[in-house]
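Here's a quick tour of a protein model, made for someone just starting out with structures. Keep the 3D view open and hunt for each residue as you read.

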Amino acid sequence: MKKIVFCILALFAVNQLNAQWVSPGTGLSYTLETLCLAAPSAVQSTSTNQYDILQSITISDGDTLTLESSAELVHVSISVVWTVRGTMRTADRTQPLLIQGDDFEVRFEDATQSRLSHLHVRYCQGIKLINSDVVIDSCEFDHFSNNVISYMDCSPTIQNSYFHDNQACAIQSALNSDGCPAILNNVLYNNVLSNTNNPQINIGPGTTDTIRIIGNLIEGVASNMSGGIGISNMFSFSQLVTHVLVKDNLVKNNRYGYTQNGSLISSELYDNQFIDNNLEVNPNNGGSGVSIWGDATCTAKLRRNLITGNLWGVTAIQIPLLDMGTAEDPGHNLLYNNGNGGVEYELYNNSNSSVDAIGNYWGCDNDAAAEDVIFHWNDNTSYGLVNYLPLYVIEPEITGFDFLVENNPALAYDYYDDLFGVFMEDDTIAFYLVCVVPDLSNAYPTITKPWGITVTPDESEPQNFLVGDVIYTASTPHQSTRPYVVHLNIGGDVPDNVLTKITLTPNPVTQGYFVLDNPTGETLGWRIFTTTGQCVMRGEAQEGVNRIATKGLTPGTYLVYMQKGNAFVTKKLIVQ
């Protein structure tokens, strides 16, 4: 029987320490410079734009501390507690303000109006948010001796920040607390260096809102005990259902990717990558890309996730309700190369519940091979049944081929264009690129492809596109391949084909839909990909005008891929 040990979220105490200096709470506003005058024994200026905090300080309710844009360094002495009960904010800055010291602590208590940005905080004991919906934006945190940010009874916003080389969790909530943080577009790298059984993001019960963990990079390095993301409601302190949205994250090189434990949790995992979370030395103790462990009120919905290189792909334990795809809403998750002990485990249903997992890719293109990597009732009648047919099979496709200035400094601008291709009789595909740039003799293309597809040569290898055709081979994990021949027409024309006459309007999309005008005389299949190759929508376009809703698409650039016979076209679509 597979066992996974999940972390216990620590309760953090609300210690009331006597501050050595307390502002009067009469609506006063301070900067670091004026704080030196108001509290000369606690805060001192050591040189121009540099300050020492020598004693504990409290910014009282009603007072404000603004960290001025000219400040460069704040050194905080050992055991100092910096408490904010009023408001603390940072002035507009172009360079980060460095705040470092010797195991000091920062506390926000009922400080809901505080906003911190462009701070670099080092060698701190921890930042505690208590009933304080603080906004933390574009900050850096490293070498903390405890959890970097701990919150209780609040819903902070933590975004665009960098957490690295810390002894404990990057973000943690109290177990007997609740809150719905927004954790957006951060980088978490090499945390939990104490090698305790904790994930880098360690979240307890939520409130009536939704916990949002979106667009983060969460990577482990040194700790084989630390996981990626953990959501827990183990002791049912709250009777509210904890709603969680985990979307567009890359979670790699941890002990496990995502784990959900307890009851009254409803999660949605969309468009994430859980890759090589295999640092656990004993597979019986963990190593899942995604693990859902709980009772029937512990539910999870997975769509369009890439799960590969983990000791286990997805595991279901006890009696949770796991939805990986239905006939009406296929999963389109990609699971392959997950396993341990020489055996592949793409989905291990170690629960009494049946699992719908229709329309997923299991590293193969046939039903029998999928059955071999799914462990369920057919292997042991004490397990629940997995409904996994029909399969979702990916094709060896390249959907975009561009030249960007960031990879090709010789270019004056990014080169994008609609991509027109033809399937040739020898099973190759010819790309026709109309290019007016002067020099692609040593160029790095940017290749867009669906998740799970590898391309040889890799886009990191420069090619000479001026001396002749360049051949790229796309491959699936089940070894289906297709060669692509790139024809570069300097200043030439795309070969005449009716597909080139397809139009997408309006573009950019501003009203929640676009019109696909199909003049080909027949029904076309279409798919919409992100620029990272995720297929997010698909359908058919009849001849003539087709109105296609973009509800559910976040603002950004997409690729619309359409095929007719042996030809295809890719057009860019911008959603605002």
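Let's begin with K247: this lysine is buried, with a relative accessible area of 14%, which puts it under the 20% cut-off for that label. Keep in mind that this is a predicted model. From here we'll visit salt bridges, one arginine, a cavity and some paired strands.

**Salt bridges across the chain**

- Searching the whole structure turns up 14 salt bridges.
- K247 takes part in one of them: its side chain meets that of D271, at 3.9 Å from N to O.
- This pair links distant parts of the chain, with K247 in strand β25 (residues 242–247) and D271 in the loop between β28 (265–270) and β29 (273–275), 24 residues apart.
- D271 is buried as well, because its relative accessible area is 5% and the label covers anything under 20%.
- Another salt bridge joins the side chains of D137 and R115, at 3.5 Å from N to O.
- D137 sits in strand β13 (residues 135–137) and R115 in strand β11 (residues 115–117), so this bridge ties together parts that are 22 residues apart in sequence.
- Are these two partners buried or exposed? D137 is buried, at 13% relative accessible area, while R115 counts as partly exposed, at 40% relative accessibility.

**A salt-bridge network**

- Which residues are linked in a network of salt bridges? They are R85, E105, R107 and E109.
- Inside this group, E105 bridges to R107, and their closest N and O atoms are 2.8 Å apart.
- Both of these partners are tucked away from the surface probe: E105 counts as buried at 10% relative accessibility, and R107 is buried with a relative accessible area of 1%.

**Spotlight on R89**

- You can find R89 in strand β9 (residues 87–90).
- R89 is partly exposed, with a relative accessible area of 41%.
- Leaving aside residues up to four places away in sequence, R89 touches T64, L65, T66, L67 and R115. You've already met R115, as the salt-bridge partner of D137.
- R89 and S114 are 25 residues apart along the chain, yet their C-alpha atoms are separated by 5.5 Å.

**Empty space inside**

- Rolling a probe the size of a water molecule over the atoms shows where empty space is left.
- How many cavities of 30 Å³ or more does the structure hold? There are three.
- The largest cavity has a volume of about 100 Å³.
- It is lined by 13 residues, and the closest to its centre are V106, L116, L119, V121 and I127.
- By class, that lining has 13 nonpolar residues, with no polar and no charged ones.
- Strands β10 (97–109) and β12 (119–130) each supply at least two residues of the lining.
- β10 gives the most to the lining of the largest cavity, with four residues.

**Strands side by side**

- Further along the chain, strand β49 (residues 503–505) is joined by three bridges to strand β50 (residues 513–518), and the two run antiparallel.
- In this pairing, T503 stands opposite D517 in β50.
- β50 has another partner too: it pairs with strand β53 (residues 544–549) in the antiparallel sense, over six bridges.
- Here you can look for Y513, which stands opposite A549 in β53.

Technical notes. Residues are numbered from 1 along each chain as its sequence is written. This is a predicted model: local features need pLDDT of at least 70, side-chain atom pairs count only at pLDDT 80 or more; totals for chains, interfaces and linings use all residues. Side-chain values use heavy atoms; hydrogens and water are left out. On a 1 Å grid over the protein atoms alone, a cavity is a set of points where a 1.4 Å probe fits but cannot get out, and a pocket is an open set with protein on both sides within 12 Å along at least five of seven lines; lining residues have an atom within 4 Å of a point. Grid points are joined across faces, edges and corners, and a volume is the space filled by probe spheres set on the points. Ala, Val, Leu, Ile, Met, Phe, Trp, Tyr, Cys and Pro count as nonpolar, Asp, Glu, Lys and Arg as charged, and the others, Gly among them, as polar. Buried means under 20% relative accessible area, exposed over 50%, partly exposed in between (1.4 Å probe, protein chains only). Contact means heavy atoms within 4.5 Å. A salt bridge is a side-chain nitrogen of Lys or Arg within 4 Å of a carboxyl oxygen of Asp or Glu. Two strands pair if DSSP finds at least two bridges between them.
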